[in-house]
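Dear colleague,

Please find the structure below, with its sequence. A short account of what was found in it follows.

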Amino acid sequence: SDHMENIYGYLMKYTNLVTGWQYRFFVLNNDAGLLEYFVNEQSRHLKPRGTLQLAGAVISPSDEDSHTFTVNAASGEQYKLRATDAKERQHWVSRLQICTQHHTEAIGKNNPPLKSRSFSLASQGSANSPGVQRRPSQNAVSFFGVGHHRLPTGKRVPIMQPDHLVDVREMMSQAEGQQRDLIRSIECLPVSGHLTSLDQDLLMLKATSMATMNCLNDCFHILQLQHASQQKRSLPAGTTISWLEPKISLANHFKNGAAQNFPVEINKPASVREEQSVAEPSQLTREPEEINPDEELEDIFDDKEDDLGAVEEQRSVILHLLSQLKLGMDLTRVVLPTFILEKRSLLEMYADFMSHPDLFIAITNGTTPEERMIRFVEYYLTSFHEGRKGAIAKKPYNPIIGETFHCSWRMPKSDVATDAGSNLSTCSPSEQVTLSKDMEGQTELDYYTVKFVAEQVSHHPPVSGFYAECVERKMCVNAHVWTKSKFLGMSIGVTMIGEGLLSLLEHGEEYTFSLPCAYARSILTVPWVELGGKVNINCAKTGYSASINFHTKPFYGGKLHRVTGEVKQNVTNTVVCRVQGEWNSLLEFTYSNGETKYVDLTKLSVTRKRVRPLEKQGPFESRRLWQHVTESLRNGDIDKATEHKRALEERQRNEERLRAETETPWCTKYFLKEGDGWVYHKPLWKTVSAVQTQQTDTN
């Protein structure tokens with residue numbers, strides 16, 4: 001009680017309304033359990049500018065410095081505050097924590113737990129009985145009662161002892177048993193009638209109960225580690241606190257808690273049997289194949305992913321899947337439902353990053369190192385929006401090991417920005433980018449050709465390699481990407497681990513770059529994609545670098561898809577270009593000479609890629625490999641698409657098992673392992689170097 005006095009004073013508060021820190025006068029009202037603030041001390045008699053309820057709040061000193069701390073209210077609102085020194089921070093934190101604890105305990109005393117109820121499924125009776133006739137307003141959860149147990153009363157123990165941990169473990173075991181009974185009771189319900197096993201409320205109860213038990217298990221695990229650290233005053237060397245492994249295997253798709261039953265082999269369509277009987281890729285020719293661009297035709301497919309119908313219809317499958325997942329869980333080995341898939345492979349999605357080949361080719365046309373770096377940043381930031389086929393977040397096919405994808409682009413030379421005395425920063429996007437139409441009749445001298453090849457070089461971990469080149473301009477890009485996905489609650493995060501290398505052989509320059517993380521948000525409602533993370537681009541020869549930040553939307557306020565960045569000369573530390581805007585709509589480039597250029601990505605014309613017809617593709621080229629899945633998805637036949645997809649995945653597992661039993665290493669076709677990365681077997685820099693050496697020997 002000696003520490004329950006009201007305190008007040010000035011603190012700095014960080015706000016999103018006015019960027020930065022501002023002094024505000026704060027008052028801790030212990031009697032009301034409120035933290036209030038005013039513009040200054042003189043306005044204290046007026047209405048507070050802001051108020052936080054401290055009951056249930058969390059007061060956290062910050063790790064970033066010794067002055068900052070946060071107050072996280074139970075409502076979700078947060079104050080980020082900064083004291084003048086560490087001593088003042090400790091004073092505020094301790095008083096706030098005492099007040100918070102007092103009012104939180106008061107709420108607990110005034111609201112005791114519910115009385116214990118037995119767990120049982122309501123009697124269903126006959127079809128016409130009142131117990132079965134469900135009123136429209138009646139919640140399905142009310143058909144179930146879950147037992148509530150009060151902890152034994154007694155004196156509070158400051159440090160939890162082992163016997164208490166045993167008691168907690170025993171209670172959790174009882175709760176897990178009840179939760180299993182709940183799931184079993186739901187799954188035993190009929191699939192039709194007034195109360196079914198596919199009832200949305202019951203599926204939500206099923207998902208949230210599983211997530212709750214997983215979370216409690218994680219917390220119990222952390223408590224055990226904390227107890228061990230209190231016993232030894234420190235954790236043993238090498239001990240880490242991490243998420244536990246999932247308890248439930250997700251080797252198959254699920255529908256209402258049971259594995260889907262597929263037809264027996266004899267009843268499978270011929271196309272499925274064909275997919276399973278195709279020879280293992282290692283038994284086919286693994287020699288690199290030279291693709292003739294003249295055999296490729298302009299792509300006619302335009303599969304926009306704007307249909308939400310399938311997602312709504314399969315909501316029960318999503319809910320069941322979520323009930324099996326847990327925070328931080330690696331989704332690499334999780335087989336996701338077919339209806340959330342895009343109608344293309346991940347390898348083809350990488351090709352769509354080259355949908356503006358004119359901007360790519362224009363990089364090497366820059367007359368100075370500064371201009372070339374800026375052009376590369378402009379191309380890089382315009383490459384992501386076309387990688388998304390519509391506003392709805394769907395997942396491309398996971399490539400099969402050995403799968404490849406080939407395509408090319410033809411770009412009229414007149415449509416590529418040069419530097420014939422013009423300043424790049426004054427060129428409008430419409431002047432730089434033009435849709436190439438009717439290029440079939442043009443001669444070879446009238447256009448540049450950009451060739452692309454991608455290969456899935458590893459299955460576990462999933463690693464893709466891709467390479468693109470423009471021989472006429474002596475430029476190429478090589479990259480390898482490991483896609484690592486994790487479950488984050490109501491979203492899925494994908495980390496793109498790897499590195500890319502752009503080579504401008506005319507200038508002897510190499511640019512290294514990385515890729516941002518991707519997030520699928522709101523996966524239970526209308527899923528959408530955002531990018532996040534920091535990306536660096538460096539050219540060691542010229543000393544120019546770029547730092548780009550993809551900002552995820554904050555919980556409160558803020559813009560979607562925001563990106564900021566700057567290009568600078570490392571030697572002088574001079575910023576030569578700044579960029580801001582949204583990576584999928586409007587970008588603003590501001591240059592060191594004061595000029596500004598706006599790029600509207602929604603108006604940028606896209607050059608269609610050229611792909612060989614299916615009949616000319618090899619059996620492990622993406623479009624031919626996934627043709628039956630894609631065709632079924634286009635026709636809206638989810639079950640048939642699932643069957644074809646499962647056949648491909650089953651074949652891949654069988655081949656992987658066979659290689660393990662025979663100790664046969666996997667041989668890639670186009671990419672070679674070099675250190676931690678993968679490099680195209682015949683990159684342009686080796687070809688050009690060989691030609692130059694040959695010319696030197698001839699002379």
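The notes below concern two helices, the nonpolar cores and one loop residue.

This is a predicted model, in which local features need pLDDT of at least 70 and side-chain atom pairs count only at pLDDT 80 or more, while totals for chains, interfaces and linings use all residues. Residues are numbered from 1 along each chain as its sequence is written, and side-chain values use heavy atoms, with hydrogens and water left out.

Helices and strands are DSSP runs (H or I, at least four residues; E, at least two), numbered from the N terminus. Helix α9 covers residues 369-381 and reaches 19 Å from its first C-alpha to its last. Of its 13 residues, 11 are buried (under 20% relative accessible area, 1.4 Å probe, protein chains only; exposed is over 50%, partly exposed in between).

The largest nonpolar core (buried Ala, Val, Leu, Ile, Met, Phe, Trp, Tyr and Cys residues joined through side-chain atoms within 4.5 Å) has 64 residues. Helix α9 gives the most to this core, with seven residues. A second, separate core has 20 residues, including Ile-7 and Ala-73. Leu-381 is among the residues with the most contacts inside the largest core. Beyond four places in sequence, Leu-381 is in contact (heavy atoms within 4.5 Å) with residues including Phe-550, Trp-583 and Leu-601.

Gly-56 lies in the loop between β4 (50-53) and β5 (58-61). Gly-56 counts as partly exposed because its relative accessibility is 40%. Its C-alpha atom is separated from that of Ala-73 by 6.8 Å.

Helix α13 (residues 638-662) has 25 residues and is followed by Glu-663, whose phi is positive, near 55°.

Yours sincerely

Conventions:
Expected span 1.5 Å × (residues − 1).
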